[in-house]
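Please open the structure in your viewer and keep the selection panel at hand. The stops below are meant to be followed in order.

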Amino acid sequence: MNVTEVYERMIKSSVNGSMDHMKIKGPINHTINILSIIILFTTMVSLGCTMEIRKIRAHLFKPKGTAIALAAQFGIMPITAFTLAKLLKMDSIKAVAVLICGCCPGGNLSNVFSLLLKGDMNLSIVMTTCSSVTALGMMPLLLYIFSQGFTSLEKAVPYLGIIVALVSTLVPCAIGITFNHYRPHFASVFKKVGLAVLLIMSIAMCILSGYLVKDIIWMILMPDVIAVAVLMPLIGFTLGYVLSTSCGLSPKCCRTVSMETGCQNMQLCTTILKVAFPLEVVGPLFLFPLLYIAFQCAEAAVIILCFRCYHRVNPQAEETSGHSGGVKPVEVRVISASDCTAAKALMKR
C-alpha cells in the first residue's frame, strides 16, 4: 500500500470524505501555510536571541540537568501520547496528530513558565535549544517506533516533511544565537518586533483557520481529542518533576524540567500538521495544537498560582536540598572585631 492509498483510507475512516469541499479554498489554505511558516521562523529566531554561547557551553560541560530534561522530553511525552491514543482508541489521523504533538521538542513558553516559577532560566533556555537540535534525529525515530502500533500508520507519517520542518527551526535559531553574540542590540530589537509580528500573524492565522474549517470544526471538539489535550500536559508536568526529583536535581531545576517536559513546541507541531499533510487528510486537526496549548497554559497557570500562594504563606521557605544541576550556595563567614585585632597583631610581627 502506497502513501496515497493510505491517505485515501484515512479520509474515509475519519470523516467519510466530508472534507472534499475544502479543496476549493486553496488560496486560504496556502495563506495559512505561509503564516504558519512565518510564525515558526519568528519564534525560533526570537528563541535564538535569548541564548548566550557561554551559557550553552557551561551546561554542556555539566550536562546532568540537560540530560535528565532531554530524557524526560523524549521519553515521557511520546509514551504518554501513544498510551492515550491507544486507550482512547483513536482513528489513524487523530493518532498521528497526537503522536506528532507528543514527539515535538520543548516550546519557548516553558521559558516564561520557568521564570514565573523561579526556576533555573539558564537550564530552561539551554534545554529548549538542545531539545530542538536533538529532535532532528529523535522525532522521526520516535514517530517511526510508535506508529508501528497503529494500522497503516507506519506509511502515513511524512518523515521528509518533518525533517525539513525541523531543519527550518534550527537555521533561524542559529541566526538568533549569532545575532545575540555579535549584535546584542539588534537581538533585543528583534525580540520586541518579533513579539508584535507573532501576535498579528497568530490572530490572522486563527481567523483564516476558523473560516477554512468552520463546517467540520467539531472534529477537534470530540471528547477523545479534548481528553488528550487536557491529560498530556498535566502528565508531562507531573512526571517531569517526579523524574528530576528522583535524580537529585535541586527544587529550582526540578520546576524547570517539569515545565520543559509538559510544554511542547506547538508552532512546530502546527506547521508539520498543516504543511506536511494534505488538507483533505488532516482536516481541522491541524488546530489540535491550539487546543493543547490552551489547556497547557491553563494548567501551568494553576501550578504557578499554587506555587506563588505557597511562598506567600511560607516566605521563609528555603531550598536547602538537592543542589545537583544548579549552583551551590556560597558559605559566608562573618569576621568579628576581635578577629581583625588578632590579624593586625600578626601582621605587625
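Select helix α7, residues 121–147, together with helix α11, residues 251–262; in this predicted model the two helices pack with their axes 9 Å apart and at an angle of about 30°. Because angles under 35 degrees count as roughly parallel, α7 and α11 are described as roughly parallel to each other, and their crossing is right-handed. To see what makes the contact, show the side chains of Leu123, Ser124, Met127 and Thr128 on α7, and of Cys253, Thr256, Val257 and Glu260 on α11. Coloured by character, the residues of this contact divide into four nonpolar, three polar and one charged. As you look along the helices, bear in mind that an α-helix has 3.6 residues a turn, so residues three or four places apart point the same way.

Move next to helix α12, residues 266–276, which is largely enclosed by the rest of the structure, because eight of its 11 residues are buried. The buried residues to select are Met266, Leu268, Cys269, Thr270, Thr271, Ile272, Leu273 and Lys274. At the start of α12, centre the view on Asn265, where a side-chain oxygen reaches to within 3.0 Å of the backbone nitrogen of Leu268.

Finish at Val281, which lies in helix α13, residues 279–282. Is Val281 buried or exposed? With a relative accessibility of 2%, Val281 counts as buried. Add Ile93 to the selection and compare the C-alpha positions: Val281 and Ile93 are separated by 188 residues in sequence, yet their C-alpha atoms are 7.4 Å apart in space.

Methods: Residues numbered from 1 in each chain as written. Predicted model: local features only at pLDDT ≥ 70, side-chain atom pairs only at ≥ 80, totals over all residues. Heavy atoms only, no water. Axes fitted to C-alpha atoms, helices over the stretch in contact; angles between N-to-C directions. Helix = DSSP H or I, 4+ residues; strand = E, 2+ residues; numbered from the N terminus. Parallel < 35°, antiparallel > 145°, perpendicular 65-115°, else oblique. Left-handed = near helix turned anticlockwise from the far one by under 90°. Contact = heavy atoms within 4.5 Å. Nonpolar A, V, L, I, M, F, W, Y, C, P; charged D, E, K, R; others polar. Buried < 20%, exposed > 50% of the residue type's maximum accessible area, 1.4 Å probe, protein only. Polar contact = N/O pair within 3.5 Å; in protein donor to acceptor, adjacent residues only side chain to side chain.
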